[in-house]
Amino acid sequence: VTFDYTNAWKLAFGGLVLCLIGRALNIFPLAFIVNLFRTKKITPKVQFVLWFSGLRGIIAFALALNVPGADHNVIASATLIIVIMTILLFGGGTVPVLRLLNMIREDDTVPDEEAEEEGSLLRDGD
């Protein structure tokens, strides 16, 4: 299967920006609401990691392959570009972001033993 990418780049960039905005509009307000009822809060660091690391989209690509119409190739191409970009940028950037936020050590272990005891994958201190 080959796709025409000439018109897909602008659509892919716009789609990626909208995906990032949409994810932020879900993660941060919902975490705020959940934190109203939790004793152990979801920290801003963890919220950021949830926003950053959660974008992929291979299911969206599978669905885009089945879109009927004249613009099928542009939609499928744009979706494929978004999927590849999110896998490379966000998937590949998750561990460096975790290290930058001091949520894991260089050896990929959790720095806070208390977080491990509570079953947390990440240290959730500010």
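These notebook entries record what I looked up in one structure.

**Entry 1. The model**

I noted at the outset that this is a predicted model.

**Entry 2. Helix 1**

I began with helix 1, which covers residues 8-35. I found 28 residues in helix 1 and a reach of 40 Å from its first C-alpha to its last, close to the 40 Å expected at 1.5 Å a residue.

I then asked which residues of helix 1 are buried. The list I obtained is A8, A12, G15, L16, L20, I27, A31 and N35. I looked for what these buried residues pack against, and found helix 2 (44-53) and helix 4 (72-100). For the spacing along such a list I kept one general point in mind: an α-helix has 3.6 residues a turn, so residues three or four places apart point the same way.

**Entry 3. A nonpolar patch on the surface**

I next turned to the surface. I recorded a nonpolar patch there, formed by F13, V17, L18, I21 and L25. Together these residues have about 520 Å² of accessible area.

I checked one member, F13, which lies in helix 1. Is F13 buried or exposed? I entered F13 as exposed, because its relative accessibility is 57% and the cut-off for exposed is over 50%.

**Entry 4. N35**

N35 also belongs to helix 1. I entered N35 as buried because its relative accessibility is 11%, and buried means under 20%. I then looked up the contacts of N35, leaving aside its neighbours within four places in sequence. The contacts I found are with K41, I42 and Q47.

**Entry 5. Aromatic pairs**

I asked how many aromatic pairs the structure holds. I recorded three. In one of them, the ring centres of F48 and F52 are 6.0 Å apart and the planes stand at 20 degrees, so I entered this pair as stacked. F48 and F52 are four residues apart in helix 2, and therefore about one helical turn separates them.

I compared the exposure of these two residues. F48 is partly exposed, at 31% relative accessibility, whereas F52 is buried, with a relative accessible area of 13%.

I then followed F52 to a further partner, F90, with which F52 forms an edge-to-face pair. Their centres are 5.0 Å apart, with 75 degrees between the planes. I noted that this pair links distant parts of the chain, since F52 is in helix 2 and F90 is in helix 4, 38 residues apart. Both F52 and F90 are buried.

Finally, I traced the ring pairs as a group. They link F48, W51, F52 and F90 into a cluster.

**Entry 6. V49**

I returned to helix 2 for V49. V49 is buried, with a relative accessible area of 8%. I also looked up V49 together with L101: the two are 52 residues apart in sequence, and their C-alpha atoms are 9.1 Å apart in space.

**Entry 7. N102**

My last entry concerns N102. I located N102 in the loop between helix 4 and helix 5 (113-117). What is the phi of N102? I recorded a phi near 60 degrees, a positive value in a residue other than glycine. I entered N102 as partly exposed because its relative accessibility is 40%, which falls between the cut-offs of 20% and 50%.

Key:
Residues are numbered from 1 along each chain as its sequence is written. This is a predicted model: local features need pLDDT of at least 70, side-chain atom pairs count only at pLDDT 80 or more; totals for chains, interfaces and linings use all residues. Side-chain values use heavy atoms; hydrogens and water are left out. Patches are made of residues with over 30% relative accessible area and no salt bridge: like charges are joined within 9 Å, nonpolar side chains (Val, Leu, Ile, Met, Phe, Trp, Tyr) within 5 Å. Accessible areas come from the Shrake-Rupley method with a 1.4 Å probe; for residues, only the protein chains shown count as cover. A salt bridge is a side-chain nitrogen of Lys or Arg within 4 Å of a carboxyl oxygen of Asp or Glu. Helices (H or I, at least four residues) and strands (E, at least two) are DSSP runs, numbered from the N terminus. Buried means under 20% relative accessible area, exposed over 50%, partly exposed in between (1.4 Å probe, protein chains only). The expected span of a helix is 1.5 Å times one less than its number of residues. Contact means heavy atoms within 4.5 Å. Rings of Phe, Tyr and Trp (its six-membered ring) pair if their centres lie within 6.5 Å; planes under 30 degrees apart count as stacked, over 60 as edge-to-face and the rest as tilted.
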